[in-house]
Structures are given as C-alpha cells and as structure tokens.
Amino acid sequence: MSVTIRDVAEHCGFSIATISRALSNSPTVKAETREKIIAASEELGYKYAPHVRKESKAAPVITLVVGDIMNLFYLGIIKGINDCLNENDIKLAIYNSDYDPAREEEFVRYANEQKSDGIIMITATETSGLVSLLKTVKCPVVLANRYIRSMDLDAVCIDNYRGGYMAGSYLAEHGHRRIAHLAGPANSTASQDRERGFLDAMEDHHIELQENMIYYGNLKRDSGAEFAEYFLSELADCTAVFSANDLMAAAFCEKLLAAGRRVPDDVSVICFDDSTAAVSGDVKLTTISRDPYPMGRAAAEMMVEALKGVESRHRKILFPPVLSVRDSVAALATEQSEYMEKTSSKYGRKG
C-alpha cells in the first residue's frame, strides 16, 4: 500500500496543510518544522515531486494600503518602505483606498485571504469593522502615519499632538485671536491629535474658539476649496487658519486669492505636511512636518524584524515635528512679532 500525505501527517503530528506547505518549500514554514517533515516523509517512503524540494523560495510579499497614492507626503513614506524592503528581498503590493474605510477593510481582508506575509497601512481609519478585521489577521501588521487607539500594533507617526500645538501657538504668538481650523477626518487619529494639540494651544493662549471655527475636511483639495467658500461667508472676521494638511491649504489659498483676499496680509495660513503642494502655488506655505522617508524606513524595519521572528513588544515610534517658515503667516502686532523672535528656537524651525 502506498504512503499518503495523511500518513505523514499522522506520523509526525502536523496538519496536512502544514505537510503540504513544508514539502512545497513555503517560506511560511519554519526550517526546523520542514526538516522534521522531510525526515518523516523519507522514513515512511512518501513520494513527492522533486521540484517541491528546491532550495530557492519565493520572496515574501507585503500588502501596503494607502489613502491617496498621489499624496506626495505618503509617497515619501512609501519610498522609505520600498527601499528598505528591497534591501531585504521583500516585495511590495500597493492598494489605494481613496480614504474609504470600506475599501481599506476590503484590501486587508483580501491580503489575509491571500496569505500576505505582512500588512502596512499608511492611512488606517479606526472603525469597528477594521479593528475587528485586524484581530483576525495572522500576519504582522505595521501602521505608518497613523495608530489605532484600541489595539496594540507597531506604529510609526509624527507627534501630531505636538505639531498641532506648535501650529496654534505660532499663529497666536503672531497676534492672531480669530483662528479657524480646517481639520482632517474626525475618525483619523492623526487628525484628532492635531486638532487636540491646536485646541490646547488656543486654551493656553486664552483664545476663545467658537464651534463653527472648526471645519472637517477629507484631506483632499476639494475640501480646501469648499472650506474657502465657507470661510468667506461664515468666518470673514478670522485672520488665520490652521489646515490639517498642505493639499487642503493650497486649494484654500487659491480660492481666497481668486476672491481678492490676500495671504498672508488678510489671512495667515499654516498647515501640516511639507510636500511640493506647500511650495508650488503663488503662496509658499509655512508648514509643520517631518521628512516622510525615514518614517517609511522605520515602519519597514519593524516589518522585517517581525518576518524574521524577532520577538518584541509592540512599539510606537514618534518623530518630532519641525516648523518650516515661509511666506503664509504675518504678524498682526509688533509686540507679538518680537515675542516670536525670542521664542522661535523652541520650535526647531527651519527655513
């Protein structure tokens, strides 16, 4: 009677699926396990195709999910991730969710079903659906530019709270007291932290903020344009705006200029991220940001360690934000300008 794969499974105590993967030289099977299974197969005389015992094995593939593949800040993160993974012979498959939580879940579910070796998410949106789904994922998961409050996952982020506080304080110390905030999505941890930092800065500088001065956008240019219309009709007395990213800020400035309002003479603008969107328009935007490339490398290094089986507690790496001063913020009072010069070193600014 010929020996079957079931006989091998019963003999060495592994599942049939594990036996099959081991004899196919799958990278998902530990070397020690594979050696035991091969030894048992040879002992029992189990015949299997010679090609499945070849030494070469397929490179691991990591699934990357990002909200907007055209966002240049995210591209910097992706570049860092890709370079690090290439150095470790790991492939990258990229999926664009268009900031749609349902599509994020769809891509994570697909990666799990296809037995992706790992998942990196750049714009993870903390929804109950995504949290439940991530709890079922068997491969390592690393978050970049976001984190999820209700789960312990490896994450690499800018200190968004500190950045929001810096932005609000910078405007306040330039004399502004009527300051609006063009926020990101309410279910984004990055946007939440930026808003929280901004609100704390307003409180510390004794600035009263009315509810209608916070407007929630989608981090795309259309939100900036829509906010400009709202600003001109509802917030005409505001003298400054903190935007959650530079894409919205750039579109906001374009609409403002087209309406005859000047930046920064009439309205000062500070924003987050420091991609080419901040410097490609008529107004060069003052920004809070950080070089995205090392953030991407840090996220990829976490993934590489996980794939190699390096045991560690889940980590959250925070990169300190940096202020880049350009042309979009003007002081309203001389004394505030002088105060800013005395305190500018605390921002670690450049430019």
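Where is the place of Leu219? Leu219 sits in the loop between strand 7 (214-216) and helix 9 (221-234). The structure shown above is a predicted model, and this report describes its sheet, some backbone details, and its cavity and pockets.

## The sheet

Six strands form an open sheet in the order 2-1-3-4-5-11, and their pairing is parallel. Strand 2 (91-96) and strand 11 (316-319) are the edge strands, each paired on one side only. From one strand to the next, the twist averages 15 degrees. In general, strands of a sheet pair through backbone hydrogen bonds, either parallel or antiparallel.

One pair can be followed in detail. Strand 3 (residues 118-121) and strand 4 (residues 141-144) run parallel and are joined by three bridges. Ile120 has Val142 in strand 4 as its bridge partner.

A helix also packs on the sheet: helix 4 (residues 72-87) touches strand 1 (61-66), strand 2, strand 3, strand 4 and strand 5 (154-158). The direction of helix 4 makes about 175 degrees with that of strand 1.

Just before strand 3 comes a loop worth a look. Ser116 is found in this loop, between helix 5 (101-113) and strand 3. Ser116 has a relative accessible area of 13%; because this is under the 20% limit, Ser116 counts as buried. Leaving aside residues up to four places away in sequence, Ser116 touches Val61, Ile62, Thr63, Ala111 and Cys139. Gly164 is 48 residues from Ser116 along the chain, and the C-alpha atoms of these two residues are separated by 36 Å.

## Backbone details in the loops

Leu219 is not a glycine, yet its phi is positive, at about 75 degrees. Is Leu219 buried or exposed? Its relative accessible area is 4%, so Leu219 is buried.

Asp89 also has a positive phi in a residue other than glycine, with a value near 55 degrees. Asp89 lies in the loop between helix 4 and strand 2. Its relative accessibility is 47%, so Asp89 counts as partly exposed.

Another detail concerns a peptide bond. Val263 and Pro264 are joined by a cis peptide bond, with omega about 10 degrees. Pro264 is placed in the loop between helix 10 (246-258) and strand 9 (268-272).

## The cavity

How many cavities of 30 Å³ or more does a search of the whole structure find? The search finds one. About 70 Å³ of space lies in this largest cavity. Its lining consists of Phe73, Tyr74, Asn145, Arg146, Ser188, Ala190, Ser191, Arg194, Leu219, Asn245 and Asp273. Leu219, the buried residue with positive phi described above, is therefore also one of the lining residues.

Helix 4 and helix 8 (189-204) are the elements that give two or more residues to the lining of the cavity. The largest share, three residues, comes from helix 8. Helix 4 is also the helix that packs on the sheet.

## The pockets

The largest pocket holds about 960 Å³ of space. It is lined by 27 residues, and those nearest its centre are Pro27, Thr28, Val29, Asp117 and Leu307. Helix 11 (residues 292-307) gives the most to this lining, with three residues.

The second largest pocket has a volume of about 290 Å³. Its lining is made up of 19 residues, of which Pro140, Val141, Asp154, Ala306 and His314 are the closest to its centre. Strand 4 and helix 11 are the elements that give two or more residues to the lining of the second largest pocket. Which element gives the most to this lining? Helix 11 does, with three residues.

The table sets out the linings by residue class.

| Space | Nonpolar | Polar | Charged |
|---|---|---|---|
| Largest cavity | four residues | four residues | three residues |
| Largest pocket | twelve residues | seven residues | eight residues |
| Second largest pocket | ten residues | two residues | seven residues |

Some elements appear under several headings. Helix 4 touches strands of the sheet and gives residues to the cavity lining. Strand 4 is joined to strand 3 by bridges and gives residues to the lining of the second largest pocket. Helix 11 gives three residues to the lining of the largest pocket and three to that of the second largest pocket.

Note on methods. Residues are numbered from 1 along each chain as its sequence is written. This is a predicted model: local features need pLDDT of at least 70, side-chain atom pairs count only at pLDDT 80 or more; totals for chains, interfaces and linings use all residues. Side-chain values use heavy atoms; hydrogens and water are left out. Two strands pair if DSSP finds at least two bridges between them. Helices (H or I, at least four residues) and strands (E, at least two) are DSSP runs, numbered from the N terminus. Axes are lines fitted to C-alpha atoms, for helices over the stretch in contact, and angles run from 0 to 180 degrees between N-to-C directions. Contact means heavy atoms within 4.5 Å. Buried means under 20% relative accessible area, exposed over 50%, partly exposed in between (1.4 Å probe, protein chains only). On a 1 Å grid over the protein atoms alone, a cavity is a set of points where a 1.4 Å probe fits but cannot get out, and a pocket is an open set with protein on both sides within 12 Å along at least five of seven lines; lining residues have an atom within 4 Å of a point. Grid points are joined across faces, edges and corners, and a volume is the space filled by probe spheres set on the points. Ala, Val, Leu, Ile, Met, Phe, Trp, Tyr, Cys and Pro count as nonpolar, Asp, Glu, Lys and Arg as charged, and the others, Gly among them, as polar.
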